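Open the model in your viewer and keep the selection panel at hand. The tour goes stop by stop: select, look, move on.

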Amino acid sequence: MINRVLIRIKVVQMLYSYLLTKSEFKIEPAPESATRDKRFAYTVYIDTLLMILRLSGHNAGLRQLSPLAGHTIHPALSSSKLVRALRDDDQIKGIIVRKSEQTDEMSDAISPIYFSLIESSAYKNYIKSKNHEMAGDVKFWAAVLPTVVLKNEKFVECARRNPDFSISGLEKGVDMAVATLESFSDNRYMLRDASRSLTASLDKAYELYHALLLLPAEITALRDVRIEAARHKFLATAEDLNPNTRMIENPIPAKIAECNDMTEYLKANPFSWDNDLDMIQRLLDRIMESKIYQDYMEAPSTDYQTDCEFWRSIMKNVILPSDDLAEALESRSVYWNDDIEIMGTFVLKTLKRIASSPEAPVSLLPKYKDDEDARFGSELFMNAVSNFDEYRSLVEKFINSTSWDPERLAFMDLVVMVTAIAELLSYPLIPIPVTLNEYIEIANSYSTSRSGQFVNGILYSVINHLREEGRLNKN
């Protein structure tokens, strides 16, 4: 019942959110208006972060060959988790690009600092460890930055070339670098949370399906209360005493609310509209004002199919488009206003199925069509995360080689295309046009007004490229 259309939307939304918040290091922004001391401290801060990469054997923005070229850097340094995470951080990548266009004042300090570093007791203890985890990497660098790097004469000498030099700024910059390392948040936990959020959002979509199907019973119950209240008015009219009870006698709401599938679901996932009485009242008012209600109540007679069609029409034309419902859903779940269009179609489908089988017990739609659909969302999400850099480079390859302006690449467009490529390469039985059309539609709905056209053009080029490489062998 939760189909792949909704799953794709959820995967794109969660991937977008995950990638936006995926910041393993809290890189400090450059001060906008600051004293010379603060400006200098920030320069030292950036130089110190890049120094970690350079002391680990990475060029990190140097125009010339690294002074450590030819030296064998211990894998504990060159391949440490901290160094890899720092090197792969998007903000650091941007800083390295900018630094490569500037005069580098710290290149002369790399060799002296390196040889002091490898003689330190902290380094010797560090490389003895057989299990280098992120916490150990952070602890090592947080110890050697103030005790080895900051105290190195050549480092201080190079720093003095900056006209804003100050001892306090120098110390502050190194302290900021240490704080950044210690702020590291292991991305595995963020990925785990994102994956859980994806599952939770799909669970909430299924909850919305049940919640919408409970509304007819809630509305009917309120109408019954109103009828009874009118009967007991001090000056009850003839209509109050002998009301048209066709709506409250309609069996469909009770059959849905009391069916085995609903009761079993609510037993495991309690839900009620008890706190939304105002919304129920406004929905009832709008129903009673509608022509659908008037025609139904005035009809000479009704049967089971007519009763079903009444609630199907009311759901489609009054309840689902209601602003009151939208407001209530927004207060209940951040997901539901995005889900209502698709879940609403399944509610209507359920009511149609009920009408076609008057004698059969009411059954609701299962959460997923099959086990493959149940796995589809989590597998697609992890595939997109695991291969994000590779798929991003494929996208950028064709942005840079066509007439498209790279500045037009909204981040949501990138996320949509990466997810589409993940699906193209991982699901050989899904036809290419199906994948292409689904993600073009997502881009149109969730990104800019021209995103669909843009995504279509880039994905078309990517598909041809993958076919030429023999990586995509389906139609």
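What follows is a walk through helix pairs, cores and single residues of a predicted model.

**Stop 1: α8 and α10**

Select helix α8, residues 134-149, and helix α10, residues 167-182. How do they pack? Their axes lie 9 Å apart, at an angle of about 175°. An angle over 145 degrees counts as roughly antiparallel, so α8 is roughly antiparallel to α10. Now show side chains. From α8, pick V138, W141, A142, L145 and P146. They meet V174, A177, V178, L181 and E182 in α10. By class, this contact of α8 with α10 has 9 nonpolar residues, no polar ones and 1 charged.

**Stop 2: α4 against α8**

Keep α8 on screen and add helix α4, residues 81-88. The axes of α4 and α8 come within 8 Å and cross at roughly 85°. That makes α4 roughly perpendicular to α8. On the α4 side, select K81, L82, V83 and A85. On the α8 side, select M134, D137, V138 and W141. The contact of α4 with α8 divides into 6 nonpolar, no polar and 2 charged residues.

Leave W141 and V83 displayed for the next stop.

**Stop 3: S56**

Select S56, in the loop between α2 and α3 (75-78). Is S56 buried or exposed? At 1% relative accessibility, S56 counts as buried. Beyond its neighbours within four places in sequence, S56 is in contact with I73, L77, S78, V83 and W141. V83 belongs to the α4 side of the previous stop, and W141 to the α8 side.

**Stop 4: α2 and α6**

Step back to helix α2, residues 36-55, and add helix α6, residues 110-118. Their axes come within 10 Å and cross at roughly 70°. The two helices are therefore roughly perpendicular to each other. The crossing of α2 past α6 is right-handed. Which residues make the contact? Select M51, R54 and L55 of α2, then I110, I113, Y114 and L117 of α6. Colour by class: the contact of α2 with α6 holds 6 nonpolar, no polar and 1 charged residues.

**Stop 5: the nonpolar cores**

Now go for the interior. The largest nonpolar core has 107 residues. Which of its members touch the most others? Select Y209, I219, W273, I287, I319, M343 and F381. Then show helix α11, residues 187-231, which supplies the largest share of this core, 16 residues.

Centre on M343. Leaving out residues up to four places away in sequence, M343 touches M1, L6, A205, L208, Y209 and L212. A second, separate core has 56 residues. Among its members are V44, I96, Y123 and A142. A142 was also part of the α8 contact with α10.

**Stop 6: K204 on α11**

Return to helix α11 and select K204. With 23% relative accessibility, K204 counts as partly exposed. Beyond four places in sequence, K204 touches S333, Y335 and W336. For a distance check, add N317. K204 and N317 are 113 residues apart in sequence and 24 Å apart in space, C-alpha to C-alpha.

**Stop 7: Q281 on α16**

Select Q281, in helix α16, residues 277-289. Its relative accessible area is 28%, so Q281 is partly exposed. Which residues does Q281 touch beyond four places in sequence? Show L222 and R226. Draw a line to L222: the C-alpha atoms of Q281 and L222 are 7.4 Å apart, with their positions 59 residues apart in sequence numbering.

**Stop 8: V395 on α22**

Move to helix α22, residues 388-400, and select V395. Its relative accessible area is 0%, so V395 is buried. Not counting residues up to four places away in sequence, V395 touches L414, M417, I421 and I458. Add V418 as well. The C-alpha atoms of V395 and V418 are separated by 7.7 Å, and the two are 23 residues apart along the chain.

**Stop 9: Y460 on α25**

Finish at helix α25, residues 451-468, and select Y460. Buried or exposed: which is Y460? At 51% relative accessibility, Y460 counts as exposed. Now zoom out until D285 is in view. Y460 and D285 are 175 residues apart in sequence and 51 Å apart in space, C-alpha to C-alpha.

Notes. Residues numbered from 1 in each chain as written. Predicted model: local features only at pLDDT ≥ 70, side-chain atom pairs only at ≥ 80, totals over all residues. Heavy atoms only, no water. Helix = DSSP H or I, 4+ residues; strand = E, 2+ residues; numbered from the N terminus. Buried < 20%, exposed > 50% of the residue type's maximum accessible area, 1.4 Å probe, protein only. Contact = heavy atoms within 4.5 Å. Axes fitted to C-alpha atoms, helices over the stretch in contact; angles between N-to-C directions. Parallel < 35°, antiparallel > 145°, perpendicular 65-115°, else oblique. Nonpolar A, V, L, I, M, F, W, Y, C, P; charged D, E, K, R; others polar. Core = buried A, V, L, I, M, F, W, Y, C linked by side-chain atoms within 4.5 Å. Left-handed = near helix turned anticlockwise from the far one by under 90°.
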